Amino acid sequence: MTLLEQTLHQHQIRVTAVRRLILSIFSRAGFALSHADIERQLGHDYDRVTIYRTLRTFLEKGLIHKVTDDAGVARYALCDLQKCNVESHADEHVHFKCVHCGHIFCLNSVDLPPLHLPEGYVWYATTIIVDGLCKTCKEGL
Ligand SMILES: [Zn+2]
Ligand SMILES: [Zn+2]
Ligand SMILES: [Zn+2]
(Lines give C-alpha, C1' and ligand atoms only; values in the text may rest on other atoms or scores of the structure.)
(Ligands and ions follow the chains in the order given, each with its own letter.)
Protein backbone atom coordinates (compact mmCIF):
# COMPACT_ATOMS: atom_id res chain seq x y z
CA MET A 1 0.00 0.00 0.00
CA THR A 2 1.33 3.45 -0.90
CA LEU A 3 1.50 6.30 1.57
CA LEU A 4 -1.45 8.03 -0.13
CA GLU A 5 -3.56 4.89 0.13
CA GLN A 6 -2.58 4.54 3.77
CA THR A 7 -3.70 8.11 4.42
CA LEU A 8 -7.07 7.43 2.77
CA HIS A 9 -7.47 4.28 4.88
CA GLN A 10 -6.66 6.13 8.08
CA HIS A 11 -9.48 8.54 7.31
CA GLN A 12 -11.87 5.72 6.46
CA ILE A 13 -12.04 6.70 2.81
CA ARG A 14 -12.28 3.91 0.26
CA VAL A 15 -9.44 4.11 -2.26
CA THR A 16 -10.43 5.00 -5.82
CA ALA A 17 -8.29 6.30 -8.66
CA VAL A 18 -9.68 9.83 -8.52
CA ARG A 19 -9.36 10.09 -4.74
CA ARG A 20 -5.75 8.97 -4.91
CA LEU A 21 -5.08 11.50 -7.66
CA ILE A 22 -6.71 14.43 -5.88
CA LEU A 23 -4.93 13.60 -2.64
CA SER A 24 -1.61 13.51 -4.49
CA ILE A 25 -2.37 16.94 -5.98
CA PHE A 26 -2.95 18.29 -2.47
CA SER A 27 0.17 16.79 -0.99
CA ARG A 28 2.31 18.08 -3.84
CA ALA A 29 0.86 21.60 -3.75
CA GLY A 30 1.69 22.58 -0.18
CA PHE A 31 -0.90 25.37 -0.28
CA ALA A 32 -4.68 25.64 -0.48
CA LEU A 33 -6.35 24.77 -3.80
CA SER A 34 -9.60 25.95 -5.29
CA HIS A 35 -12.00 23.72 -7.17
CA ALA A 36 -10.73 25.29 -10.41
CA ASP A 37 -7.08 24.59 -9.49
CA ILE A 38 -7.87 20.92 -9.02
CA GLU A 39 -9.90 20.76 -12.21
CA ARG A 40 -6.99 22.28 -14.13
CA GLN A 41 -4.49 19.79 -12.72
CA LEU A 42 -6.70 16.78 -13.34
CA GLY A 43 -7.30 17.66 -16.95
CA HIS A 44 -10.44 16.62 -18.75
CA ASP A 45 -10.69 13.08 -17.47
CA TYR A 46 -12.91 13.97 -14.53
CA ASP A 47 -16.04 16.06 -14.40
CA ARG A 48 -16.91 18.77 -11.90
CA VAL A 49 -19.35 16.61 -9.97
CA THR A 50 -16.74 13.94 -9.31
CA ILE A 51 -14.33 16.56 -8.02
CA TYR A 52 -17.05 18.18 -5.92
CA ARG A 53 -18.03 14.83 -4.37
CA THR A 54 -14.42 13.92 -3.67
CA LEU A 55 -13.79 17.24 -1.93
CA ARG A 56 -16.94 16.79 0.15
CA THR A 57 -15.84 13.31 1.23
CA PHE A 58 -12.35 14.59 2.11
CA LEU A 59 -13.92 17.43 4.12
CA GLU A 60 -16.24 15.13 6.03
CA LYS A 61 -13.51 12.65 6.87
CA GLY A 62 -11.05 15.17 8.24
CA LEU A 63 -8.56 15.03 5.40
CA ILE A 64 -8.92 18.60 4.12
CA HIS A 65 -10.43 21.83 5.45
CA LYS A 66 -11.88 24.86 3.74
CA VAL A 67 -10.34 28.32 3.67
CA THR A 68 -12.27 31.14 2.07
CA ASP A 69 -10.12 34.04 0.91
CA ASP A 70 -11.04 37.72 0.90
CA ALA A 71 -12.42 37.40 -2.64
CA GLY A 72 -14.88 34.79 -1.38
CA VAL A 73 -13.28 31.91 -3.29
CA ALA A 74 -13.33 28.64 -1.36
CA ARG A 75 -10.02 26.84 -1.25
CA TYR A 76 -9.13 23.56 0.37
CA ALA A 77 -5.99 22.56 2.21
CA LEU A 78 -4.69 19.30 3.61
CA CYS A 79 -5.31 18.96 7.34
CA ASP A 80 -2.55 18.30 9.80
CA LEU A 81 -2.88 14.53 9.57
CA GLN A 82 -1.64 14.10 13.14
CA LYS A 83 -4.50 16.26 14.42
CA CYS A 84 -7.47 15.67 12.13
CA ASN A 85 -9.30 12.40 11.62
CA VAL A 86 -12.83 11.13 11.19
CA GLU A 87 -13.80 11.88 14.80
CA SER A 88 -11.96 15.10 15.47
CA HIS A 89 -11.60 17.71 12.77
CA ALA A 90 -10.53 21.09 14.05
CA ASP A 91 -8.16 23.29 12.13
CA GLU A 92 -7.54 26.08 14.56
CA HIS A 93 -4.58 27.69 12.89
CA VAL A 94 -3.85 30.94 11.14
CA HIS A 95 -3.71 31.08 7.35
CA PHE A 96 -1.25 33.14 5.35
CA LYS A 97 -1.93 34.72 1.98
CA CYS A 98 1.06 35.72 -0.10
CA VAL A 99 0.43 39.01 -1.90
CA HIS A 100 2.96 38.04 -4.59
CA CYS A 101 2.00 34.52 -5.70
CA GLY A 102 -1.51 34.64 -4.28
CA HIS A 103 -1.26 31.25 -2.58
CA ILE A 104 -2.78 30.56 0.82
CA PHE A 105 -0.69 28.51 3.23
CA CYS A 106 -1.65 26.78 6.48
CA LEU A 107 0.42 27.98 9.41
CA ASN A 108 -0.16 24.84 11.45
CA SER A 109 2.17 25.99 14.20
CA VAL A 110 0.35 29.30 14.71
CA ASP A 111 -2.74 28.74 16.85
CA LEU A 112 -5.77 31.00 16.72
CA PRO A 113 -5.96 33.31 19.73
CA PRO A 114 -8.77 32.57 22.19
CA LEU A 115 -11.68 34.99 21.88
CA HIS A 116 -14.01 36.27 24.57
CA LEU A 117 -17.24 37.28 22.91
CA PRO A 118 -19.74 39.64 24.51
CA GLU A 119 -22.77 38.04 26.06
CA GLY A 120 -25.44 36.96 23.62
CA TYR A 121 -23.06 36.10 20.80
CA VAL A 122 -22.57 32.50 19.80
CA TRP A 123 -19.20 31.49 18.39
CA TYR A 124 -19.11 29.31 15.27
CA ALA A 125 -15.73 29.75 13.69
CA THR A 126 -12.72 32.03 13.58
CA THR A 127 -10.86 32.78 10.36
CA ILE A 128 -7.62 34.69 10.34
CA ILE A 129 -5.76 35.26 7.11
CA VAL A 130 -2.47 37.08 7.39
CA ASP A 131 -1.24 38.92 4.29
CA GLY A 132 2.44 38.99 3.46
CA LEU A 133 5.23 37.43 1.43
CA CYS A 134 5.73 33.68 1.50
CA LYS A 135 9.17 32.08 1.91
CA THR A 136 9.58 31.23 -1.77
CA CYS A 137 8.60 34.70 -2.99
CA LYS A 138 10.74 36.40 -0.37
CA GLU A 139 13.81 34.50 -1.59
CA GLY A 140 13.00 35.25 -5.21
CA LEU A 141 12.70 39.02 -4.80
ZN1 LIG B 1 -9.11 19.19 9.66
ZN1 LIG C 1 4.42 33.73 -2.52
ZN1 LIG D 1 -5.25 25.41 7.10
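**Entry 1: zinc ion (ligand 3)**

I began with the zinc ion (ligand 3), whose protein donors are H65 (NE2), H93 (NE2), H95 (NE2) and C106 (SG), lying 2.0 to 2.2 Å from it. I counted as donors the N, O and S atoms within 2.8 Å of the metal (3.2 Å for Na, K and Ca); water is not among the atoms, so sites may look incomplete. Along the chain, I read the spacing of these donors as H-x27-H-x1-H-x10-C. H65 lies in strand 2 (residues 64-68) and C106 in strand 5 (residues 104-111), so the pair ties together parts that are 41 residues apart in sequence. For helices (H or I, at least four residues) and strands (E, at least two), I used DSSP runs, numbered from the N terminus.

What is the geometry of this site? I found it tetrahedral, with angles of 103 to 116° among the four donor atoms. Four donors count as tetrahedral if all angles lie between 85 and 135 degrees; four count as square planar and six as octahedral if opposite donors are over 155 degrees apart and all others between 65 and 115; anything else is irregular.

I then looked up accessibility: H65 is buried at 5% relative accessibility, whereas C106 is partly exposed at 24%. Buried means under 20% relative accessible area, exposed means over 50%, and partly exposed is in between (1.4 Å probe, protein chains only).

**Entry 2: a note on the model**

I must remember that this is a predicted model, where local features need pLDDT of at least 70, side-chain atom pairs count only at pLDDT 80 or more, and totals for chains, interfaces and linings use all residues. Residues are numbered from 1 along each chain as its sequence is written, chains are lettered from A and ligands numbered from 1 in the order in which they are written, and side-chain values use heavy atoms, with hydrogens and water left out.

**Entry 3: zinc ion (ligand 1)**

Which residues hold the zinc ion (ligand 1)? I listed C79 (SG), C84 (SG), H89 (ND1) and D91, which appears twice (OD and OD), with the donors lying 2.1 to 2.7 Å from the ion. Their spacing along the chain is C-x4-C-x4-H-x1-D. Both C79 and H89 lie in the loop between strand 3 (74-78) and strand 4 (93-98), so the pair ties together parts that are 10 residues apart in sequence.

Are C79 and C84 buried or exposed? C79 is buried at 5% relative accessibility, and C84 is buried at 2%. H89, by contrast, is partly exposed at 32%.

**Entry 4: cysteines**

I looked for disulfides, taking a pair of cysteine sulfur atoms within 2.5 Å as the test. The structure holds zero of them. I reminded myself that a disulfide is a covalent bond between the sulfur atoms of two cysteines. I also checked C101, which is partly exposed at 30% relative accessibility.

**Entry 5: salt bridges**

How many salt bridges are there? I found six, each being a side-chain nitrogen of Lys or Arg within 4 Å of a carboxyl oxygen of Asp or Glu.

One of them joins R75 to D69, with the closest N and O atoms 2.8 Å apart. Here R75 is buried, with a relative accessible area of 12%, and D69 is buried at 7%.

Another pairs R40 with D37, at 3.4 Å between the closest N and O atoms. The two are three residues apart in helix 3 (residues 35-42), which means about one helical turn separates them. R40 is exposed at 62%.

I also noted D80 with K83, whose closest N and O atoms are 3.9 Å apart. K83 is partly exposed at 46%.

**Entry 6: the sheet**

I traced an open sheet of three strands in the order 1-3-2, with antiparallel pairing. Strand 1 (33-34) and strand 2 stand at the edges with a single partner strand each, so one side of each is left without a neighbour in the sheet. Strands pair if DSSP finds at least two bridges between them, and two bridges join strand 1 to strand 3. I met R75 again here: in strand 3, R75 stands opposite S34.

**Entry 7: helix 1 and the loop after it**

Which residues of helix 1 are buried? I noted E5, T7 and L8. They cover an arc of only 155° around the axis (taken from the directions from the helix axis to the C-beta atoms), which puts them on the same side of helix 1. On the other side, L3 and Q10 are exposed.

Finally, I visited Q12, in the loop between helix 1 (3-10) and helix 2 (17-29). Its phi is near 55°, a positive value in a residue other than glycine.
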